[in-house]
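Trainee: Could you take me through one part of this protein slowly, as you would at the screen? I would like to look closely at the salt bridges, and then see what lies around them.

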Amino acid sequence: KSKNTISAYLMKRVKPQKVISLARKVGITSYLPAFPSLCLGSAEVSLFEMTGAYATFANNGMYIEPFFIARIEDKNGVVLENFSNAPKEVLSEEKNYIMIKLLEGVIDRGSGGRLRWSYGFNNPIAGKTGTTQNHADGWFIGFVPELVTGVWTGADNRAVRFRDLHLGQGAEMALPIWAEYMKRVYGDPS
């Protein structure tokens, strides 16, 4: 249920450096300050990095570095180059299972619940909403079997923001975009 007090308690127990170490293993390369506030999202991390990190959970604890181009072909369809990345185990199956159950809880009982009651999804979904200071950014990163999708809403200028938490939270700003996108994905049989 996105209880910051629990995040702060856990950060106090495990220490910021351990969190940073795990973040590096799941592909976060952005600067991460080794302060307790890290657990509240005080670092600026790109949507690309966050979505790649969440893909680790969807891949049963295996991190695969995201890449944009899978292959290059010439005009005749002859493959000139293939690109891929080797998976690296970051979490054991047991630890990954716990993470997935926590992230499913966000959808079934937490801030992502509207995917069930408003958008009518009843398939397996796991994910996390996020909101930054002063409601300047809203996040939702969700995954279903075979697909991880991240949505970020906001502006490069922090002065652009919502007036209050009700409208400015990730569940209001980013989650609806994810839901509409997934409706179209499921609606296209190809």
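Mentor: Happy to; we will start with the whole model, go through the salt bridges, and then visit the strands and loops.

Please keep in mind that this is a predicted model. The protein has eight helices and seven strands, and its C-alpha trace spans about 55 × 40 × 40 Å along the principal axes. For 190 residues, a compact globule would have a radius of gyration near 16 Å, and the 18 Å found here agrees with that. Of the 190 residues, 35% are buried. The protein exposes about 12,300 Å², with 56% of that supplied by carbon and sulfur atoms. If you take the contacts between residues at least 6 apart in sequence, 50% of them join residues at least 24 apart.

Now to the part you asked about. How many salt bridges are there? The count comes to five, and I will go through some of them with you.

Let us begin inside a helix. Lysine 101 and glutamate 104 meet through their side chains in a salt bridge, with an N to O distance of 3.0 Å. Both residues belong to helix H4, which covers residues 93–109, and they sit three residues apart, about one turn of the helix. Look at how each partner is covered. Glutamate 104 has a relative accessible area of 19%, so it is buried, since the cut-off for buried is under 20%. Lysine 101 counts as partly exposed because its relative accessibility is 39%.

Another salt bridge joins the side chains of aspartate 108 and arginine 116, at 2.9 Å from N to O. Here aspartate 108 is partly exposed at 42% relative accessibility, and arginine 116 is partly exposed at 24%.

Now find glutamate 172 and arginine 114. They form a salt bridge whose closest N and O atoms are 2.9 Å apart. Glutamate 172 lies in helix H7 (residues 170–173) and arginine 114 in helix H5 (residues 114–117), so this pair ties together parts that are 58 residues apart in sequence. Is arginine 114 buried or exposed? With a relative accessibility of 18%, arginine 114 counts as buried. Its partner, glutamate 172, is partly exposed at 26%.

From the charged pairs, let us move to a hairpin. Strand E2 (residues 71–73) and strand E3 (residues 79–82) run antiparallel and are joined by three bridges. One pairing to pick out is isoleucine 72, whose bridge partner in E3 is glutamate 81. Five residues lie between the two strands of this hairpin, and glycine 77 takes a positive phi near 85 degrees.

Stay with the hairpin and look at the surface. A nonpolar patch is formed there by Phe48, Phe67, Phe68, Ile69, Ile72, Val78, Leu80 and Phe83, with about 810 Å² of accessible area together. One of these residues, leucine 80, lies in strand E3. Leucine 80 counts as exposed because its relative accessible area is 55%, the cut-off for exposed being over 50%.

For a contrast, turn to threonine 149 in strand E7, which covers residues 147–153. Threonine 149 has 11% relative accessibility and so counts as buried. What is threonine 149 in contact with, leaving aside its neighbours within four places in sequence? The list is Thr51, Phe140, Ile141, Gly142, Trp178, Tyr181 and Met182.

Just before that strand is a loop that is worth a stop. Glutamate 146 sits in the loop between strand E6 (138–144) and E7. The phi of glutamate 146 is positive, about 85 degrees, although this residue is not a glycine. At 83% relative accessibility, glutamate 146 counts as exposed.

Asparagine 60 also has a positive phi, near 60 degrees, and is a residue other than glycine. You will find asparagine 60 in the loop between helix H3 (47–58) and strand E1 (62–63). With a relative accessible area of 38%, asparagine 60 is partly exposed.

To come back to your request, two of the pairs are good ones to keep on screen. Lysine 101 and glutamate 104 lie within helix H4, whereas glutamate 172 and arginine 114 tie helix H7 to helix H5.

Methods. Residues are numbered from 1 along each chain as its sequence is written. This is a predicted model: local features need pLDDT of at least 70, side-chain atom pairs count only at pLDDT 80 or more; totals for chains, interfaces and linings use all residues. Side-chain values use heavy atoms; hydrogens and water are left out. Two strands pair if DSSP finds at least two bridges between them. Helices (H or I, at least four residues) and strands (E, at least two) are DSSP runs, numbered from the N terminus. Patches are made of residues with over 30% relative accessible area and no salt bridge: like charges are joined within 9 Å, nonpolar side chains (Val, Leu, Ile, Met, Phe, Trp, Tyr) within 5 Å. Accessible areas come from the Shrake-Rupley method with a 1.4 Å probe; for residues, only the protein chains shown count as cover. A salt bridge is a side-chain nitrogen of Lys or Arg within 4 Å of a carboxyl oxygen of Asp or Glu. Buried means under 20% relative accessible area, exposed over 50%, partly exposed in between (1.4 Å probe, protein chains only). Contact means heavy atoms within 4.5 Å. The radius of gyration is taken over C-alpha atoms; the globule rule is 2.2 Å times the number of residues to the power 0.38.
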